[in-house]
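User: I would like to learn how to read this structure feature by feature. Where should we start?

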Amino acid sequence: MKTNIHLLLFLFLSCNFGFSQDTSEIIDAYEDFADLSREQIYVHFNKTTYITGEMLGFNAYVFLKDIKQPSTNTANLYCQILDKNDKVLREKLIMMNQGVSRGDFMIDSTFVSGEYQFKVYTNWSRNFNNEHTYFLEKFNVINPEDKVNDKPIDIDKTIDIQVLPESGHLLSETLNVVGVIAKDKLGLGVPNLKIDILNKNGDVLTSTTLNKFGIGQFLFFPTEGEDYSLEYFYNDSKVVSKLEQPERTGILLSIKDITTPNSIGVTLKTNDIGLENFGNKNFKLVIHNGANATEAILSLNGAKESITTVDHSYLYEGVNILTLFDEEDRPIAERLYFNFEGLPLNSVTKASVNQVQNDSLEITLKLPTIDAQLFQNLSISVLPSETRSYAHHQNIISAIYLQPYLKSAVEQASYYFTDITEKKKYELDNLLLTQGWSSYDWTTIFNAPPEPVYDFEVGISYTINANTSSGKNLFIYPNINTGSEILSLTEGQKSFEKRGFFPLDDEKIRIGETKRNGNVGQSNVVLQFSPSKIIDFKTAYQPKTTLRANQYATSGTSDFKFDDIESLDEVILYAKKKYTRIEKLQNKTLGKVIDFGEHERQFYRTFAQFISERGFLVDETMNVNEASQESSRFRIKTRAPVSINATDVPLIYLDDVILVDLDVLYKFSMEVVDYVEVNKGGIGGGIRGAAGIIKIYTDPHKKFKVKTKVSFTQYNIPLTYTTPKRFYVPKYSVFDSKFFKEYGVIDWIPNARFDTNGELSLKVLNTKSPIRLYVEGIVNSQELMSQQIEVTN
């Protein structure tokens, strides 16, 4: 029979305003469970297979799960690389801004060939240990120096077949929808496998052929007391396994396609015995998405099957978890359904190519629906179109809208959200059919809602502890992201906490203390920092491998030969290249490094002469400020325009110490300079670096000391933010080799944006062969983009 649609919709609508006493206990428990906002993290990194010497570049996106928009609650993001034994090999803290950030790791020669994990999380993530509020994916490394000749992983002899009835129960004497999934030893699907269901006489009752991910379904009407088996042929061998006995009684929760547009049919189904037990009972159907929930009353109304039509508008965007409860509020069946309607997606409509020079291309992407006033951030990996080094299982859509709701990792989850078709929607529903119960455990929801033990972190906090209670007047010197500050500890006050501190790289805190004579000298305080180290976050989730059948365990590719790299030493310059000292320094900074040898020292006698030719105005005449009566002999500002509220004076470091008194640079001799970094854009320096960042490093072999009185004590900071480095693109002599086409790197563009005309232009190396752009990110504040764009010139 068919339930009245108006009754269900009334219950759906009314649940937003309140519930009667006999139907609201589940929702009350759920609201307690979902009270704390969750964060979802996606990380787009430029490849999944790296050759040692390459750089792993990444963009990180943190979303609020309930509203699917970038999170502004968190500034601290922890990034780790782990080996196959979950040992942390590399880790860093990076700074989030409006829910996004970028970073990098060098895949140096200490990485042996093999598979690694990339884990990213926030401190807030640690409140939800059993939920997928973090990011974890695998990548491969090929180290040519290993000389490993491993045999392919033995994954062909046995496979795992799982039979998963819809809603978790196989019921006798009724028609069941049954999902089936076949996996190899790597946990990847076995494609195109034909499976037969046999009765005890060996007759084939039904069959299914699995798709390329090893997933299929079949309809099955089991008889009570009968034995059934599953049969398939694999590796020229016949395999027969017994199916579990169907349940004698119960109730099924099923989702059916119906003729009503933009709707699904939610079906309750039972057999004759079940009709006697449940025919006139009411059941509660709760639909939730991990943040919100609605509840309705369903009943068989004296029939063995009852279908209720639900319009898509009453479902959540993305995964909907439909759980059926009995009269005692016990969950008895569950089904997952993905609603594509209203999914906030966008995509490039046109890509054009112009050859700027013989060795470079300008690619312009067009997005007419962009509103440049709204938040946007995109990352683009540029690789040869034949690449085998980009095999991510997740894209930004699947990572936010699908994976967090499932217990296990999905193979090639991004497939379902790339060029979406009706076929892919059907295949995704098959996937959900084989997932069983969702990642949300109702025992936990009812009995153990999470507590906010770990805070949202916005910066580093530190406590200044004085050794006396007589009071102190302290002067905190500026850092890149914080200005100077005068702090007074009153009599009896022995400590003071500072929050929202954002130190970068090797920065230190310098604190001076006002002495009795009024001069500022060294301070005598103790500092305590929080966080002071990266706390590991243990997770149970296991990501999918990026290897494929018959691949080598260490190399990650079936036909890759290490000798090929050696024979390409002259072609692939980075394979054995010994970098000069300045090249190494250049790869670690976003600015330009200028080395000072004898020629440069003869040409530039003073710092003023040198920096004046690099976009800055310098004045070395004596000047007295009429308002403050302070005199200065060295003044500098940028020639480039800056925003209204930003300073036009660049940040200047001398041997990694910010100069407060720029008069130190008056007639500063370049005889003692080793090298200078000039970052005209001030990238990584915040507002204070808007006019540029200049770092002067003196030659350690020169006997040079800045003639300034030490008026502070310098304190080490145990944990600082790592600033992103300039992305290093390997140098190649030829681009038509098989190695370059399959494993080469062309470029990585983080933080890309469309302009007000809806255009995004990027200049890349012209390899004279087709290239592919892998685009991930967010536009118009909440619209997700995931697109692969083929480009030919």
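Analyst: Start with strand register. In this predicted model, Leu651 stands opposite Ile693 in strand 42. Strand 39 (residues 651–654) and strand 42 (residues 693–698) run parallel, joined by four bridges.

User: Which order do the strands of this open sheet have?

Analyst: The order is 34-41-42-39-40, five strands with mixed pairing. Strand 34 (592–595) and strand 40 (657–658) stand at the edges. Each has a single partner strand, so one side of each lacks a neighbour in the sheet.

User: How many helices and strands does the whole protein chain have?

Analyst: The protein chain has eleven helices and 47 strands. Of its 793 residues, 55% count as buried. Among contacts with a separation of 6 or more, 71% are between residues 24 or more positions apart.

User: Which residues touch the most other members of the largest nonpolar core?

Analyst: Phe118, Phe139, Phe338 and Leu402 do, in a core of 66 residues. Strand 3 (residues 55–64) supplies the largest share of this core, six residues. Leu402 touches residues including Val319, Phe338, Phe417 and Leu432. A second, separate core has 35 residues, among them Tyr462, Leu504, Ile509 and Ile511.

User: Now salt bridges. Where do Asp429 and Arg335 lie?

Analyst: For each pair, check distance, location and burial. The side chains of Asp429 and Arg335 meet at 3.1 Å, N to O. Asp429 is in helix 5 (residues 422–433) and Arg335 in strand 23 (residues 331–339), 94 residues apart. Arg335 counts as buried, because its relative accessibility is 4%, under the 20% cut-off.

User: What does the pair of Arg388 and Glu742 tie together?

Analyst: Parts that are 354 residues apart in sequence. Arg388 lies in the loop between strand 26 (377–384) and helix 4 (396–401), Glu742 in helix 11 (residues 738–743). Their salt bridge spans 3.6 Å, N to O. Arg388 is partly exposed at 21%, whereas Glu742 is buried at 14%.

User: How far apart are Lys423 and Glu427 in helix 5?

Analyst: Four residues, about one turn of the helix. Their closest N and O atoms are 3.0 Å apart. Lys423 counts as exposed, at 52% relative accessibility. Glu427 counts as buried, at 7%.

User: Last, the surface. Which residues make the nonpolar patch?

Analyst: Leu175, Leu219 and Phe221 make a patch of about 290 Å². Phe221 sits in the loop between strand 14 (215–220) and strand 15 (229–234). Phe221 is partly exposed, with a relative accessible area of 44%.

Key. Residues are numbered from 1 along each chain as its sequence is written. This is a predicted model: local features need pLDDT of at least 70, side-chain atom pairs count only at pLDDT 80 or more; totals for chains, interfaces and linings use all residues. Side-chain values use heavy atoms; hydrogens and water are left out. Patches are made of residues with over 30% relative accessible area and no salt bridge: like charges are joined within 9 Å, nonpolar side chains (Val, Leu, Ile, Met, Phe, Trp, Tyr) within 5 Å. Accessible areas come from the Shrake-Rupley method with a 1.4 Å probe; for residues, only the protein chains shown count as cover. A salt bridge is a side-chain nitrogen of Lys or Arg within 4 Å of a carboxyl oxygen of Asp or Glu. Helices (H or I, at least four residues) and strands (E, at least two) are DSSP runs, numbered from the N terminus. Buried means under 20% relative accessible area, exposed over 50%, partly exposed in between (1.4 Å probe, protein chains only). Two strands pair if DSSP finds at least two bridges between them. Contact means heavy atoms within 4.5 Å. A nonpolar core is a set of buried Ala, Val, Leu, Ile, Met, Phe, Trp, Tyr and Cys residues joined through side-chain atoms within 4.5 Å. Lists of a residue's contacts leave out its neighbours within four places in sequence.
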